[in-house]
Structure formats: structure tokens, C-alpha cells
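Work through the exercises below with the sequence and the coordinates open. Each task is followed by a stepwise solution.

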Amino acid sequence: LPTTLTGIEGRAFAGASSLSAITLPSGIQTIADDAFSGCGALTEILIPDTVTVMDQYALSGTESLKTVELPSGLKATGYGMFERSGLESIKLPEGLTKISEYTFCDCKALTQVDMPDTVVYILDYAFRGCTSLTTVKLSQSLKYLPWGMFQFSGLQALVIPESVTQLGSSVFSGCVSLRSADIPESVTQI
């Protein structure tokens with residue numbers, strides 16, 4: 001790709017089913033809606049640290065993408081950003097403050113999420129249907145666990161940080177493997 005690019009427009013590579021690898025040039029700041037959605041053969045994408053915005057469904061349906069390094073300047077994930085991707089593990093960047101709705105929804109192979117303590121907000125259904133996700137170390141800065149956060153996931157155990165005061169509806173709905181949830185005294189509403 002040309003080094004003069006500053007962004008990847010919406011649906012730019014959507015459905016490019018044979019695209020297996022791409023390196024985005026330094027200087028790119030935004031990856032728009034659905035930019036790489038449906039790129040089922042994509043196994044590698046190198047995203048420069050200059051990227052600060054990754055919009056909704058940017059990498060959804062990338063079934064062959066097992067891992068990705070997110071840019072350090074990213075402050076929030078886009079709605080459904082990795083929905084139905086093949087991610088097995090993800091290390092979220094230090095400085096990320098928000099995980100949007102459905103970000104990892106139906107990532108069936110996702111087993112590990114490394115979440116920094118800078119994450120304050122996780123929105124509805126962020127890990128819904130992540131059937132291989134058995135444990136998560138949550139950010140110590142979280143304020144609440146939203147609606148359906150782990151719905152139909154493989155979650156077996158969870159320690160909820162003291163910063164959390166509320167658990168949303170259906171947060172553990174359908175978690176048939178859940179054996180323990182350590183809920184602190186700070187929680188006043190479930």
C-alpha cells in the first residue's frame with residue numbers, strides 16, 4: 001500500500017476472500033467500518049501505532065486471523081470489531097479505555113484476553129458466545145459489567161474487581177460451565 005495513505009475507507013477490502021496478509025503503512029490513522037470484514041483467509045494484518053480509530057466491524061468475519069497486535073494509540077474498540085473472527089488470544093493495548101458492544105462476539109476460538117487496567121468501560125455483549133473463553137482477568141478500573149457481557153461463553157470462573165458496583169442483566173446467562181464468580185462487597189446491584 002502507498003505510504004501516503006492516512007486511512008482505510010469503509011468496506012475497502014470487505015469480502016476480499018483470498019487476501020491472506022496485509023501491512024498497513026505508518027501514517028494511517030483510521031480504519032473505517034467493515035474495512036476488512038469477511039476477509040476469511042486473512043491470517044496477518046500489521047497495524048501501525050499511528051492508528052487511533054478502528055470503526056465497527058473493521059475485522060469481523062476474519063475466521064483465519066488467530067492473533068493481532070493492536071496499535072498503542074487505540075482508545076476504544078469499534079462495535080463488533082472482531083465479531084466472528086478466529087482470534088485465539090488478544091492483548092489489548094495500555095491506554096485502551098473502552099471495549100464496545102459485540103467487540104468479540106462469537107469469537108469461538110478466543111481463549112485469552114489480556115486486559116489493561118486502563119479499561120474503564122465494557123459495553124453490552126462484548127464477549128457473548130466466546131465458547132472457548134474460560135477465564136478473564138478484568139481491568140481493576142471497571143465500573144460495571146454490562147448486559148450479556150459473557151452470555152453463552154465458556155466462562156468457568158471470574159474474579160470481579162472492587163471497582164465494580166453493578167452487574168447488568170444476563171451477564172452470565174447461558175454460561176453452563178460457570179463454577180465460581182467472586183463478587184465483591186462493592187457490588188450493590190445484580
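Buried means under 20% relative accessible area, exposed means over 50%, and partly exposed is in between. Keep these cut-offs at hand. The model is a predicted one.

**Exercise 1. Classify E83 and place it in the structure: is E83 buried or exposed?**

Step 1. Locate the residue. E83 sits in the loop between strand 5 and strand 6 (89-91).

Step 2. Apply the cut-off. The relative accessible area of E83 is 12%, so E83 is buried.

Step 3. List the surroundings. Setting aside residues up to four places away in sequence, E83 touches Y57, S60, G61, Y102, T103 and C105.

Step 4. Check a remote pair. E83 and G168 are 85 residues apart in sequence, and their C-alpha atoms are 21 Å apart in space.

**Exercise 2. Find the salt bridges: how many does a search of the whole structure give?**

Step 1. Count. The search returns 2 salt bridges.

Step 2. Take the pair that includes E83. The side chains of E83 and R84 meet in a salt bridge, at 3.7 Å from N to O. A cut-off of 4 Å applies to such pairs.

Step 3. Compare burial across this pair. E83 is buried at 12%, whereas R84 is partly exposed at 42% relative accessibility.

Step 4. Take the other pair. D106 and K108 form a salt bridge whose closest N and O atoms are 3.4 Å apart.

Step 5. Classify both ends. D106 is partly exposed at 22%, and K108 is partly exposed at 43%.

**Exercise 3. Examine the backbone in the loop between strand 7 and strand 8: what is the phi of D106 near?**

Step 1. Recall the background. Most residues other than glycine have a negative phi.

Step 2. Read the angle of D106. Its phi is near 60 degrees, which is positive, and the residue is not glycine. D106 lies in the loop between strand 7 and strand 8.

Step 3. Look at Y102. Its phi is also a positive value near 60 degrees. Y102 is found in the loop between strand 7 (98-99) and strand 8 (112-114).

Step 4. Add exposure. Y102 is partly exposed at 23% relative accessible area. D106 is partly exposed at 22%.

Step 5. Link back to Exercise 1. Y102 is one of the residues that E83 touches.

**Exercise 4. Describe the largest nonpolar core: which residues have the most contacts inside it?**

Step 1. Recall the tendency. In soluble globular proteins, nonpolar side chains tend to be buried together.

Step 2. Size the core. It has 52 residues.

Step 3. Name the hubs. F104, F127 and F150 have the most contacts inside it.

Step 4. Expand one hub. Leaving out neighbours within four places in sequence, F150 is in contact with F127, L133, V136, L138, L155, L158, V171, F172 and C175.

**Exercise 5. Analyse S153: which backbone nitrogen lies 3.3 Å from a polar atom of its side chain?**

Step 1. Locate S153. It belongs to the loop between strand 10 (144-145) and strand 11 (157-159).

Step 2. Classify it. At 5% relative accessible area, S153 is buried.

Step 3. Find the polar partner. The nitrogen is that of L155. L155 is also among the contacts of F150.

Step 4. List the contacts. Beyond four places in sequence, S153 is in contact with F127, G129, C130, T131, L133, G174 and C175.

**Exercise 6. Work out the setting of V51: where is V51 found?**

Step 1. Locate it. V51 is in the loop between strand 4 (44-46) and strand 5 (53-54).

Step 2. Classify it. Its relative accessibility is 0%, so V51 is buried.

Step 3. Measure across the chain. I31 is 20 residues from V51 in sequence, and their C-alpha atoms are 7.5 Å apart.

Step 4. List the contacts. V51 touches I28, Q29, I31, P71, G73 and L74, not counting residues up to four places away.

**Exercise 7. Summarise the fold: how many helices and strands are there?**

Step 1. Count. The protein has 0 helices and 13 strands.

Step 2. Judge compactness. The radius of gyration is 16 Å, close to the 16 Å from the globule rule for 190 residues, so the protein is as compact as a globular protein of that length.

Step 3. Give the extents. The C-alpha trace spans about 55 × 30 × 20 Å along its principal axes.

Step 4. Add burial and surface. Buried residues make up 47% of the 190 residues. The accessible surface is about 8,400 Å², and carbon and sulfur atoms hold 48% of it.

Step 5. Assess contact range. Of the contacts with a separation of 6 or more, 16% join residues 24 or more positions apart.

Notes: Residues are numbered from 1 along each chain as its sequence is written. This is a predicted model: local features need pLDDT of at least 70, side-chain atom pairs count only at pLDDT 80 or more; totals for chains, interfaces and linings use all residues. Side-chain values use heavy atoms; hydrogens and water are left out. Buried means under 20% relative accessible area, exposed over 50%, partly exposed in between (1.4 Å probe, protein chains only). A nonpolar core is a set of buried Ala, Val, Leu, Ile, Met, Phe, Trp, Tyr and Cys residues joined through side-chain atoms within 4.5 Å. Contact means heavy atoms within 4.5 Å. Helices (H or I, at least four residues) and strands (E, at least two) are DSSP runs, numbered from the N terminus. A polar contact is a pair of N or O atoms within 3.5 Å; within protein, one must be able to donate a hydrogen and the other to accept it, and residues adjacent in sequence count only if both atoms are side-chain atoms. The radius of gyration is taken over C-alpha atoms; the globule rule is 2.2 Å times the number of residues to the power 0.38. Accessible areas come from the Shrake-Rupley method with a 1.4 Å probe; for residues, only the protein chains shown count as cover.
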